[in-house]
Amino acid sequence: MPNEATEPNGPDVLDAAGATDVSDVVDGLDEFCAQALADHSCASLSLAVVARDEVVLARAYGLADVAARRPATPETVYGLASVTKAVTATAVCLAADEGLLDLDAPIPGDHPWTAPTPRQLLRHRGGFPAFYNFHYDTGPLPIDIADYRTLVREPGTGFEYSNLGYAELGRVLESATGRSEGDYLRERIFAPLGLDTFGYGPAYTGSAPVAERYSAGGEAYPTCFSDHPAAGAGWASAADVALFARTATRLLRPATAAAMHDAVPIGEHLGYGFGRVVSHGPGPVVRSHGGGMGGIAAMMIDLPEREISVAVLTNSTRKAARDAVVLRLMGILAPGFPREHLAPVTDQGRPMTQAPGEWAGEVGTPQGGVTLRISVLADRQVEIRLAGGAPVTVPAGASEQWDLCASAPLQLPTDDARVNSPHLALALRAGPERLEGRAVAYKNGDLEGRLGAYLVHPCGLRAV
């Protein structure tokens, strides 16, 4: 059974929104959610459905705090991780409507190409790579984002999901408004929309109860700090997330709201607008954003044609319980909702076809070059030797963007990578006598401890 569930507001509310009877959503929901938590070792889950401007369903299951045996309730606040990008995007658009910034003016800074614009950054087309630097102690962060704030492609030439880009948007927003992002969000978005539980920062400071966060193995997370709060430092209840999804664009001029949902394709049936993944093709339009980081798996969905929105929040790194509940709800509210909406694939895999051979070069790091040697073997295997250490043989693949992709339990021997990024991933393109691309230091999940940093470095090798 749910923990202090709010009751549905009547069987005709969703009918009025053009969807279905709310009893269809509720029927069997309690048993399904309880089983999802048990099946996927998830501590708790909170969900909400909004029709038009009304919360028609809000329920919570499991424990918000396992040690204290405190149950989750519909009022419990959860971390939002990357759902925060939708909030930051709304704030940037609002500041543009107020004449405080120009969505098409290059941002300040020295860059190898023309500097990206806020419009490009909002769409993850600013040329920055993937990045995160999660840390759990107070004081200065041990990894400096400035060492990785480097464009890897010309802005506007391709999609790459990047917390770095949203970190830049946060800086642009604060410079333009003269306010901290948290203050601007509270004054210009949360308060006008009546979203009382929303918060922003490394820890929740509001008055609502908050869910503790847990690793996939059940370890509790302490406060998490990063250099990119604009990409993932939001907090809210499920009901307020669903209300935000339904109402946020009303704060914007119609042309700005339309631009927010003008999504450049990132796949066959999906595009990315301003902090929103937007569907195209058959079926109802779906606008969504997911979020995941240490102890957080969140999903926000809006169905504009049906005037319905949905939020599902959990306090576990593992996304399986979140996904199971989202698919059940959307199977009723939007039949045919595709699973790929939950985690859009922007680079399809394929078999590696690189011929056997030897390659030698280095990984560029803030501390200097680190030697790297690769042997491409038969049967789509590669042997990787890093910094003269023992070789490791692993399977290799490829993708639409990269000709050789591989991951190995190898420690990049830099101070930054040693903090908490013990794996190495390679993504390389083949050229005449060259392999060039990236070497990424990261942590492969959090079953053996908290998530660390995701650090992208340039990498080049020559045939030997």
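In this report, helices (at least four residues) and strands (at least two) are DSSP runs, numbered from the N terminus. The structure described here is a predicted model.

**Helix H7**

Helix H7 covers residues 181–193, a run of 13 residues. From its first C-alpha to its last, H7 reaches 17 Å, which is close to the 18 Å expected at 1.5 Å a residue. H7 bends by about 30° at Glu187.

Which residues of H7 are buried? They are Glu181, Gly182, Tyr184, Leu185, Ile189 and Phe190. An α-helix has 3.6 residues a turn, so residues three or four places apart point the same way. The buried residues of H7 pack against several other elements, namely helices H4 (84–97), H6 (163–177), H8 (229–232) and H9 (238–247), together with strand S6 (199–200).

**Residues with positive phi**

Three residues with a positive phi are listed below.

| Residue | Phi | Place |
|---|---|---|
| Ser41 | about 50° | loop between helix H3 (29–39) and strand S1 (44–51) |
| Arg69 | near 55° | loop between strand S2 (54–65) and strand S3 (70–71) |
| Gly194 | near 70° | follows helix H7 |

Ser41 has its positive phi although it is not a glycine. Arg69 is likewise a residue other than glycine with a positive value. Is Arg69 buried or exposed? Exposed means over 50% relative accessible area. Arg69 has 59% relative accessibility and therefore counts as exposed.

Definitions and conventions. Residues are numbered from 1 along each chain as its sequence is written. This is a predicted model: local features need pLDDT of at least 70, side-chain atom pairs count only at pLDDT 80 or more; totals for chains, interfaces and linings use all residues. Side-chain values use heavy atoms; hydrogens and water are left out. The expected span of a helix is 1.5 Å times one less than its number of residues. The bend at a residue is the angle between axes fitted to the seven residues ending there and the seven starting there. Buried means under 20% relative accessible area, exposed over 50%, partly exposed in between (1.4 Å probe, protein chains only). Contact means heavy atoms within 4.5 Å.
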